[in-house]
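Let's take a walk through this one together, starting at the ligand and then moving on to a sheet.

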Amino acid sequence: MNEPFTRPAAAAVSGPARPDDALAVVAAVAGYLAAGIDTDAVKAAVAGVVKRGLRLARCRLWPRAAEGSAFRGIPAPGEASPAPGEGDAVRRWLERSVAPPADAALRVPLAYDGATLGMLEAWPSAETPLPAAARVVDVLAGVLSPLLASAELSEDLAGEVALRTREIEAQRRFTAQIIDTLPVGLYVIDREFRIQAWNRKRETGTQGVVRDEVLGRTVFDVLHRQPRDLLQREFERVFETGRMEQLEVESNATGETRHYRLTKIPMRLDGDEVTHVITIGEDITEWKSVQQQIAQTDKLAAVGQLAAGVMHEINNPLATLGACLEALESRSEDLPGPARQAFEEYFRIMESELGRCKRIVDGLLDFSRPKARHKRRAPLNPIVEDALFLVKHHDRFKAIHLVRQLADDLPAIEANAEQLIQAFLAIMLNAIDAMEGAGALTVATAFAPDRADELVVSFSDTGAGIPRENLSKIFEPFFTTKLPGRGTGLGLSICYGIVAEHGGRVQVDSQQDRGTTFRVFLPVAGAGAAP
Ligand SMILES: Nc1ncnc2c1ncn2[C@@H]1O[C@H](COP(=O)(O)OP(=O)(O)OP(=O)(O)O)[C@@H](O)[C@H]1O
Ligand SMILES: [Mg+2]
């Protein structure tokens, strides 16, 4: 029960309130309270009803503030707000550390379950029917206390819910941030193939789609460029087997060919059943090209070793054959006319075929020999110029338009000029062959894109281009598409070896019927990349 601080002393000021008056006040208050006492407006209205019913001079409710240590005065409508400091005084009275002043006010603590939740303060006027009014205030305090308690509790609950919601939201955002920061495309679908997550990486790029536009839609709807049956089968397999699946795909959506590794990961929300599938897409184009280069280098090294052995063996018989041919030639001079002519014809063929064998052997030896040859610091452009000078004098170059775009002020490279000239020649002769005598060859030098420690020499032709299926083979020794007798298939493998020996690499871009660009990347001298 709520114990008033003071029993009204002025019991004789006025006559007793009639019972139905008191009942009317309690009933009116109860009417207000039917919907709870959660808001300040309801509290003020309750103070107003009490004030009117008991004809008070003033009436205020002092609920305790959310944090529990302070009290806020809520006056009846039309009354002034409490002065600063009044709340403190109320707290001290309620804590019973200071007794309230012995004035006319009726002050009843609102306590419930051992906790003081507030105070009802009523100032009688001359009309107030005391002492009955004091009892009514008491009764009202008894009615209000549990309501305040439940209002507080629901406020606490609401606060707790708000706090938990904030925590969950913060956690959700943290996870989303992690997923968005990953350098891979990621999306999640549910059993209905509807997209439930879609990370930032999937929003960017030429094929990017904004998250808000895809969430909730089916994956077939969004990835409409992919064959639906295939996609559905892939997902169904993961849903059924519960095993992760990985595949590599190629895409030309950006204009250039890029390789992606797609990983489909089963996800189980609860229980054993797969509820979602996470798909991660990584761009592995660069990784793949490095892998290919490593494989290429290994392959070339193996072929080189084999070739070196064989060629040494062949070199000696070739030399012997050459010597025999010379001896036969000198003897044939004694033969009679027609016979001599026939022999000379054979000798010419033998000589030219022997010469061809020798060139192949030399070429292969060049390619396979360990090349610890001397390199010097040298500017790149003069080496390119020397190669151009040689190629310009080639018969097949006559009808070709040469475009020179050599950048000034490039730093020096560590070069074996003779070898580099040979490498550039191999590339340019191929370009001339590909253009079948007519077209344009653009030769350019520059810094490699985005790098200061590498230079690039590029050779672009307007020739036939290289079919895709051949791109991976052109550096292999003896790979040629040229007519027998025209090409040995050694040019590019030698070029590859020379460039690798300079700590560089060769890249090819080709479009059929449009042309081909070979780029030779070479490290700048002193950049640390050169061997
Ligand atoms: N610029 C180019 N345009 C089109 N195809 C090319 C080009 N460069 C190289 N190729 C292709 O690559 C193949 C291999 O070239 P590579 O220089 O190694 O040998 P080759 O030119 O056939 O013979 P070799 O250079 O030994 O006389 C060529 O046969 C050709 O099919
Ligand atoms: Mg060639």
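## Around the ligand, then across the sheet

Helix H11 gives the largest share of the shell around ligand 1, with 4 residues. Keep in mind as you look that this is a predicted model. H11 covers 417-434, and both it and helix H13 (491-501) supply at least two residues each to that shell. There are 21 residues around ligand 1, and the ones that come nearest are Asn-430, Ala-434, Thr-480, Gly-487 and Gly-491. If you're thinking about the chemistry of the shell around ligand 1, its residues split into 9 nonpolar, 10 polar and 2 charged.

Now over to the sheet. Strands of a sheet pair through backbone hydrogen bonds, either parallel or antiparallel. Here the pairing is antiparallel, in an open sheet of 5 strands ordered E6-E5-E9-E8-E7. Strand E6 (195-198) and strand E7 (245-251) are the edges, each pairing on one side only. On average, and ignoring direction, neighbouring strands of this sheet are turned by 20° against each other.

Let's zoom in on E9, residues 276-283, and its two partners. Strand E5 (residues 185-190) runs antiparallel to E9 and is joined to it by 6 bridges. On the other pairing, strand E8 (residues 258-267) is linked to E9 by 8 bridges, again antiparallel.

Which residue of E9 is the bridge partner of Asp-190? That's His-276. His-276 turns up again as the bridge partner of Met-267, so to speak a handy residue to click on. For one more pair, try Tyr-260, whose bridge partner in E9 is Asp-283.

Technical notes
Residues are numbered from 1 along each chain as its sequence is written. Chains are lettered from A and ligands numbered from 1 in the order in which they are written. This is a predicted model: local features need pLDDT of at least 70, side-chain atom pairs count only at pLDDT 80 or more; totals for chains, interfaces and linings use all residues. Two strands pair if DSSP finds at least two bridges between them. Axes are lines fitted to C-alpha atoms, for helices over the stretch in contact, and angles run from 0 to 180 degrees between N-to-C directions. A residue is near a molecule or strand if its C-beta atom, placed from the backbone, lies within 6 Å of it. Ala, Val, Leu, Ile, Met, Phe, Trp, Tyr, Cys and Pro count as nonpolar, Asp, Glu, Lys and Arg as charged, and the others, Gly among them, as polar.
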